[in-house]
Amino acid sequence: MAAVDHGNGESFRGTVGEDDETERRSHRSDERRREKREERPRGKETKSSRRGKDNEDDGDGVAAIEEPAAKRMRPAEENQLLTTKTGGAYIPPARLRMMQAAITDKSSIAYQRIAWEALKKSIHGLINKVNVANIHEVALQLFKENIVRGRGWFAKSCIQAQTQSPTFTHVFAALVAIINTKFPQIGELVLKRLITNFRKAYKRNQKATCLSSTRFIAHLVNQQVVRKKAANFSYFRMY
């Protein structure tokens with residue numbers, strides 16, 4: 001036992017073993033911190049560690065500068081973004097243009113995926129803004145697009161827009177009639193999908209869908225896209 005005097009008349013008794021125990025505890029805590037720092041994933045590096053890596057020399061005496069994480073994206077990750085379905089991963093327009101410029105092979109899956117997404121967006125936007133006043137301009141813009149490749153999306157967008165806005169059924173029917181003059185297979189596709197939707201809605205007892213489908217078919221008959229025989233109720237009989 002040893003007494004330590006602080007100079008003011010007060011003293012306390014301590015042991016050398018207590019000091020050793022304190023040193024051992026601090027040493028253990030330092031080791032734990034070091035282990036945690038080593039086990040920490042690379043994506044969660046601290047600012048000090050990133051700063052230290054940035055200041056490291058690359059062998060020429062010049063400090064290596066790390067690129068941002070968005071620019072260090074691997075080609076596999078870029079292909080994964082391009083091949084995901086719409087809504088799975090958002091790609092900013094500026095980055096999308098950079099990725100389009102980087103792709104030189106037009107037969108690659110990534111390029112075809114980008115072209116398909118652009119076609120879908122263009123067709124959907126044109127159908128959403130069509131009305132009585134601009135139907136002529138919208139039809140011309142649709143003819144400029146690859147409407148044959150996007151015929152399925154054209155039919156789907158027309159039916160969805162007509163279901164949501166039944167009062168504009170005559171506008172959508174007129175647009176389909178204009179497209180049908182050059183591409184009869186697209187008008188036939190729209191009719192087949194309307195009949196399929198009617199049958200599904202009839203079995204599920206969905207009155208609103210049944211009415212919208214029959215209303216669209218009736219306007220297609222008025223636009224001479226569909227013959228009256230096809231509009232006969234016997235055509236919709238349940239098998």
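**Reading helix packing and loop geometry**

Guide: Let us start from a single residue: leaving aside neighbours up to four places away in sequence, Ser 157 touches His 124 and Ile 127. The model in front of us is predicted, and Ser 157 has its place in helix 7.

Visitor: Is Ser 157 buried or exposed?

Guide: The general idea is to compare the relative accessible area with a cut-off, and buried means under 20%. Ser 157 has a relative accessible area of 3%, and therefore counts as buried. In the protein chain as a whole, which has 239 residues, 25% count as buried.

Visitor: How far apart are Ser 157 and Lys 120 in sequence and in space?

Guide: They are separated by 37 residues in sequence, while their C-alpha atoms lie 9.4 Å apart. For the chain in general, one can take the contacts between residues at least 6 apart in sequence, and of these 55% join residues at least 24 apart.

Visitor: At what angle do helix 5 and helix 7 pack?

Guide: Helix 5, residues 109–128, and helix 7, residues 151–164, pack at an angle of about 35°, and their axes are 10 Å apart; the crossing is right-handed. On the side of helix 5 the contact is made by Trp 116, Lys 120, Ile 123, His 124 and Ile 127, and on the side of helix 7 by Trp 153, Phe 154, Ser 157, Cys 158 and Ala 161. Sorted by class, this contact has 7 nonpolar, 2 polar and 1 charged residues.

Visitor: Which residues of helix 6 are buried, and why can they be said to line one face?

Guide: In helix 6, which covers residues 135–144, the buried residues are Ile 135, Val 138, Ala 139 and Leu 142. The way to read such a set is to look down the helix axis: here the buried residues fall within an arc of 100°, so they line one face of helix 6. His 136 and Lys 144, on the other side of helix 6, are exposed. The cover over the buried residues of helix 6 includes helix 5, helix 7 and helix 8, the last of these at 169–182.

Visitor: How do the axes of helix 9 and helix 10 cross?

Guide: These axes come within 8 Å of each other and cross at roughly 155°. Because angles over 145 degrees count as roughly antiparallel, helix 9 is roughly antiparallel to helix 10, and the crossing is left-handed. From helix 9, the residues Leu 191, Leu 194, Ile 195, Asn 197, Phe 198, Ala 201 and Tyr 202 meet Thr 209, Cys 210, Ser 213, Thr 214, Phe 216, Ile 217 and Leu 220 of helix 10. By class, the contact has 10 nonpolar, 4 polar and no charged residues.

Visitor: What should I look for in the phi of Asn 205?

Guide: Most residues other than glycine have a negative phi. Asn 205, although it is not a glycine, has a positive phi of about 60°. Asn 205 is found in the loop between helix 9 (184–203) and helix 10 (207–222), and Asn 205 counts as exposed at 72% relative accessibility.

Visitor: Where does Gln 224 lie?

Guide: Gln 224 lies in the loop between helix 10 and helix 11 (228–231). Gln 224 is not a glycine either, yet has a positive phi of about 60°, and with a relative accessible area of 71% Gln 224 is exposed.

Visitor: How many helices and strands are there in the protein chain?

Guide: There are 11 helices and 2 strands, and along the sequence the chain follows the pattern β-β-α-α-α-α-α-α-α-α-α-α-α.

Note on methods. Residues numbered from 1 in each chain as written. Predicted model: local features only at pLDDT ≥ 70, side-chain atom pairs only at ≥ 80, totals over all residues. Heavy atoms only, no water. Helix = DSSP H or I, 4+ residues; strand = E, 2+ residues; numbered from the N terminus. Buried < 20%, exposed > 50% of the residue type's maximum accessible area, 1.4 Å probe, protein only. Axes fitted to C-alpha atoms, helices over the stretch in contact; angles between N-to-C directions. Left-handed = near helix turned anticlockwise from the far one by under 90°. Contact = heavy atoms within 4.5 Å. Nonpolar A, V, L, I, M, F, W, Y, C, P; charged D, E, K, R; others polar. Arc of directions from axis to C-beta. Parallel < 35°, antiparallel > 145°, perpendicular 65-115°, else oblique.
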